[in-house]
Amino acid sequence: MKILFISLGCEKNRVETEYMLGILAEHGYEFTDDAQSAEAAVINTCCFINDAKQESIDTILELAELRKSGKLRALIVAGCLGQRYKEEIQKEIPEVDSILGTTAFDKIVEALDEVLKGQVQNYFESIDRKPVTYNRILSTGTAYSYLKIAEGCNKNCTYCIIPKVRGHYRSVPMEDLIKEAEELAYNGIKELIIVAQETTVYGVDLYGKKMLPELLTKLCRIEGFEWIRIMYCYPEEITDELIEVMKKEPKICHYLDLPIQSGSDAILRKMGRRTDNADIRRIVEKLRSEIPDICLRTTLISGFPGETADDHNQTMKLISDLRFDRLGVFTYSPEEDTVAAAMEDQVPERTKKTRRTKLMKMQQEFAFEGARKMVGRKLKAIIEGRIGDEDPDTDDQGRPLYTYVARTYKDSPDIDGFLFIENVPYDLMSGKFVDVMITGSDEYDLIGELAE
């Protein structure tokens, strides 16, 4: 039978979706992107913030209509929303046939078989279950893929629901990760992106110390990868060993994602974060001193409970001083069962959005300026695809000239900008690396031509 799969939320969710696809494929199931032709549907959900929660609910309700009309024989909900709101889903959306908790995605075949037999059964395991890996069907093409190195989180930030739906921090054994990475390289993946709720403390639970540097060193020895990118590095956990590995291993992108959330010490304490303004400045300065061309990305939360105009201005000052290369801002989303949701002095929604706009407007200036400064540089880039196939210009030999979309080391998929390579007279395959001379910029994006 044909199954429609919808994966919502983060790339960590995407990895679990790919595991489920692999498990089902081994049992003879087929897949479709067309909801009207699907006989069953699986939605891997997210509930991290209100917007993500609403997207998951809306998607479930949309497919529930198809289940109600009989076009779908089975509707299964997996992931964080299912883990957190299983009773509500069962009560309010009876068209959902089965729910899989965050650590029970590998029960997808059993769940589907039971539904098709008319026997409804949900599957939930301990949220602290040891993480497991499976053969995957990749959903990102062959240019890049994600390697999830751990599950859960021990930070317990006051605004975050993740520990309650994903459990404590559990590292995937290194030998399992190496095997999975080798399989990805064998399947043609050129850029490996390291993800977890927090990557920097990988291995502490299994080996008694931070093992991310050693893991990265071993991953760099795998033939096939040209880039290895590291995401979700908590600033306070970055070690000299990690910096040294990034400096000496040419495959590791000089790119780090450092979620700092605020520039106010008072708000950082209320958030339960383990850094302060001075720590953030010191870490950023050290990274830029040790790796001068490093691209730093961060995220902020605007309008956290109790955030005053002065707190917001401290964050503005920090961002103005540090000038991150990439930055995203979320308005604070109160999540039930979190400490922050019960705090007094909740900030009005309008104020949250106003502060977010101010932060993003300032960041735009820095990002656009940074893009302009890249003009005249030669950069290595990975090809994503081709655009503008209809009626292309031609060169003096009559060859069609195409524009390709690519990314530099500064650009993580789906969240950062692009490099548009103009006047290419021949085909470039997705995943191919090329050298590009940067000739211009357009806001966040770069424009260039193939280097001679």
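Where is Asp345 found? Asp345 is found in the loop between strand S13 (326-331) and helix H14 (349-373). This is a predicted model: local features need pLDDT of at least 70, side-chain atom pairs count only at pLDDT 80 or more, and totals for chains, interfaces and linings use all residues. Residues are numbered from 1 along each chain as its sequence is written, and side-chain values use heavy atoms, with hydrogens and water left out.

**View 1. Asp345 and Tyr232 are two loop residues with positive phi.**
Asp345 is not a glycine, yet its phi is positive, about 60 degrees. Asp345 is exposed, at a relative accessible area of 58%. Here buried means under 20% relative accessible area, exposed over 50%, and partly exposed in between (1.4 Å probe, protein chains only). Tyr232 is not a glycine either, and has a positive phi of about 55 degrees. Tyr232 sits in the loop between strand S10 (227-230) and helix H10 (240-248). Helices (H or I, at least four residues) and strands (E, at least two) are DSSP runs, numbered from the N terminus.

**View 2. Strand S6 is mostly covered.**
S6 spans residues 144-148, and five of its five residues are buried. In a regular strand the side chains alternate between the two faces of the sheet. Both faces of S6 are covered. Tyr144, Tyr146 and Lys148 are buried on one side. Ser145 and Leu147 are buried on the other. S6 pairs with strand S9 (residues 191-195) in the parallel sense, over five bridges. Two strands pair if DSSP finds at least two bridges between them. Leu147 has Ile194 of S9 as its bridge partner.

**View 3. Salt bridges link helix H2 to the loop between H4 and S5.**
Side chains of opposite charge can pair when their charged atoms come close. A salt bridge is a side-chain nitrogen of Lys or Arg within 4 Å of a carboxyl oxygen of Asp or Glu. One of them joins the side chains of Asp97 and Arg67 (2.6 Å, N to O). Asp97 lies in the loop between helix H4 (86-92) and strand S5 (98-100) and Arg67 in helix H2, so the pair ties together parts 30 residues apart in sequence. Asp97 is buried, with a relative accessible area of 8%. Arg67 is partly exposed, at 22%. Glu95 forms a salt bridge with Lys68, with the closest N and O atoms 4.0 Å apart. Glu95 is in the loop between H4 and S5 and Lys68 in helix H2, so this pair ties together parts 27 residues apart in sequence. Glu95 is buried at 18% relative accessibility, whereas Lys68 is exposed at 53%.

**View 4. Glu369 and Lys373 form a salt bridge within helix H14.**
Their closest N and O atoms are 3.3 Å apart. The two residues are four apart in the helix, about one turn. Glu369 is partly exposed, at 26% relative accessibility. Lys373 is exposed, at 60%.

**View 5. Five residues share one salt-bridge network.**
Which residues are joined into one network by salt bridges that share partners? They are Lys155, Glu198, Lys210, Glu236 and Glu237. The structure holds 40 salt bridges.
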